[in-house]
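Visitor: Could you take me through the side-chain contacts in this one? I'd like a close look at who pairs with whom, and how covered up the partners are.

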Amino acid sequence: MTKPSLPDLLHAAVSAVGGTERPGQVAMAEAVAEAIDDNSHRLIQAGTGTGKSLGYLVPALAHGERVVVATATLALQRQLVERDLPRTVDALHPQLRRRPQFAMLKGRSNYLCLHRLHEGAPQDEEDGLFDQFEAAAPTSKLGQDLLRLRDWADETETGDRDDLTPGVSDKAWSQISVSSRECLGATKCAYGAECFAEAARERAKLADVVVTNHALLAIDAIEGAPVLPQHEVLIVDEAHELVSRVTGVATGELTPGQVNRAVKRSAKLVDEKVADALQTASESFERVMELALPGRLEQIPEDLGYALMSLRDAARNVISAIGATRDKSVHDEDAVRKQALAAVENIHTVAERITNGSEYDVVWYERHDRFGATLRVAPLSVSGLLREKLFEDRSVVLTSATLKIGGDFNGVAASLGLSPEGVEGDDVPLWKGLDVGSPFDYPKQGILYVAKHLATPGREGTRGDMMDELAELIEAAGGRTLGLFSSMRGAKAAAEELRGRIDNPILLQGEETLGELIKNFAADPKTCLFGTLSLWQGVDVPGPSCQLVVMDRIPFPRPDDPLMSARQKSVEEHGGNGFMAVAATHAALLMAQGAGRLVRASGDRGVVAVLDPRLATARYGSFLRATLPDFWYTTDRNQVRRSLAAIDATAKADGK
């Protein structure tokens, strides 16, 4: 029997999801199939509207070997598992003569733990376990959440937190979930046979396509113990997010509260002398942290170094002692021991890592008004880790609407540990880049307006001229505005001022759940939505409700961001341009994602307004503009107001 052709399979899949075949989607599918056949690597930029999910799913399913798809956002994971994969598998089944299986796999703490649910959570102050359902007042929000979780546990088939609607608070979820370090293991746990996390892993072992997230992919790479099943092909969607997600997983932290909890959890499991040593070390660490000032620690201060060595040594002794003791008087002793061990091991790991002082790590203090000081350690770069762990023994396809920064793929490639395109050498994974474009006609559908006449934004203070400009633009657009701000303080200040100046309702991130805000924004064209980072990437509102996207300033990282400034300095020490490689690249990625909120469908029209003159006047402005969609460009404020008024009039004439 002849093998079905890729164009035929793609056509069947696109018809099944009710889509339209795009030239870019066909080019993408062919590139993915070629990478899989050659066991090679691809970076593929696929603009909004390309239909990139099918562009990689169809060749992956046709290939027949196991494929892992890793995404950054929950929304895309759900779309793949609940919509794209079921329809695609149904459509391809007659031609493939087989029905590929698919499964979702997440980290253990995303699944309800039956042991924790039935036996309770080990408490810091008490001997036994505490029944969280009894302790939380049923009238409190926590109590109501916990009772709902108990009912849900009887009916859920997956135990996956994301299948619970409406959701519950992190505090409630933490009462009935465990981390992988706290888990007893299926063989030791009384509920091992029914465990939701184990069932998800078993389903993944049998699946042809495993859908996971960047964080679990990072854990799989960093921790050495494989979490994902063996696979021949890895597809990383939303790949522009990968470096920051991997950095997050590779970051360690210590706080006095966290150390205190570990002391309490372990105290009754070890002899008094060992427990006292950890308690003393904890107190000296807390004293140091009380005086901690935010910022990078290029050298570890003597008092902190001493406190960390004491913590490390005391934690090591507790770990040895916990492993050697048994105490039958402790209810559910294994669970209590495992949770204590997890807490103390984390302290030992982080304290030892900072004490060892690798030149490849960045250490800094953070300070929070409510939670006090935190000590953090993160890798200066994850490129070496990714080169070594990501590209070996499998074909890797990385795709996103934003992979070409300043006009080429090499910036993103370098952050992933790859050499410039076409460069060969020992231990250098070869890759090819492909930009399949977008089906949208950006020069005709959108305008990029830079408010060149405004003052350059400073670090502090309100920008009166920017507020005036923003108010005028919103009024010209008749509302319909998504305001993207580089800080929450900026978003709040703009919302407060404009609520008193214009008639259009203004929604503000944080005043309601993100889902609710986006729903209300989409429902009323007169409404505006203001917010920060998650809105730059998480809003998909096609149609007349979003016809003006405003960025208050170029979103460079804060100059006092310890990790970004350390990375910038490192590039400079190696002879590169640190500002362009780190700060400008960070800003370009965010701006491209933000500008991508405007045109989500072929009928969309509108303006992206950047209220920062540096995009037009600074030398790096052309680099940033080259990363944005190819909108018609202007700095003429009158022209842009006329265009917005015309777009608004057309929408109103259409009854929208």
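Guide: Here's a walk through the aromatic rings, one helix and then the charged pairs. Keep in mind that this is a predicted model.

Let's start with the rings. There are 7 aromatic pairs in the structure. One of them is Phe579 with Tyr620, a tilted pair with 5.2 Å between centres and 55° between the planes. This pair ties together distant parts of the chain, since the partners are 41 residues apart: Phe579 belongs to helix α24 (residues 578–595), while Tyr620 is in the loop between α25 (614–617) and α26 (621–627). How covered are the two? Phe579 is partly exposed at 26% relative accessible area, whereas Tyr620, at 16%, counts as buried.

Elsewhere, Phe440, Tyr442 and Phe631 come together as one aromatic cluster. There's also a charge over a ring: Arg625 lies over the face of Tyr633, 4.9 Å from the ring centre.

Now for helix α21 (residues 514–523). Its buried residues are Leu517, Ile518 and Phe521. They sit on the same side of α21, because the arc they cover around the axis is only 95°. The general background is handy here: an α-helix has 3.6 residues a turn, so residues three or four places apart point the same way. Over on the other side of α21, you'll find Gly515, Lys519 and Ala523 exposed.

On to the charges. The salt bridges number 34. Take Arg312 and Asp313: their closest N and O atoms are 3.0 Å apart. Arg312 is buried, with 14% relative accessible area, but Asp313 is partly exposed at 29%.

Lys404 and Asp435 also meet through their side chains, in a salt bridge of 3.5 Å from N to O. Here again distant parts of the chain are linked: Lys404 is in the loop between β12 (395–400) and α17 (410–415), Asp435 is in strand β13 (residues 431–435), and the two are 31 residues apart. Lys404 is partly exposed at 22% relative accessible area, and Asp435 is partly exposed too, at 35%.

Then there's the salt bridge between Arg501 and Glu497, with 2.7 Å between the closest N and O atoms. Arg501 is partly exposed, with a relative accessible area of 37%, and Glu497 counts as partly exposed at 32%. To finish with a larger grouping, salt bridges with shared partners join Glu469, Glu472, Arg637 and Arg641 into one network.

Methods: Residues are numbered from 1 along each chain as its sequence is written. This is a predicted model: local features need pLDDT of at least 70, side-chain atom pairs count only at pLDDT 80 or more; totals for chains, interfaces and linings use all residues. Side-chain values use heavy atoms; hydrogens and water are left out. Rings of Phe, Tyr and Trp (its six-membered ring) pair if their centres lie within 6.5 Å; planes under 30 degrees apart count as stacked, over 60 as edge-to-face and the rest as tilted. Helices (H or I, at least four residues) and strands (E, at least two) are DSSP runs, numbered from the N terminus. Buried means under 20% relative accessible area, exposed over 50%, partly exposed in between (1.4 Å probe, protein chains only). A charge sits over a ring if NZ of Lys or CZ of Arg is within 6 Å of the ring centre and within 35 degrees of the ring normal. The arc is that of the directions from the helix axis to the C-beta atoms. A salt bridge is a side-chain nitrogen of Lys or Arg within 4 Å of a carboxyl oxygen of Asp or Glu.
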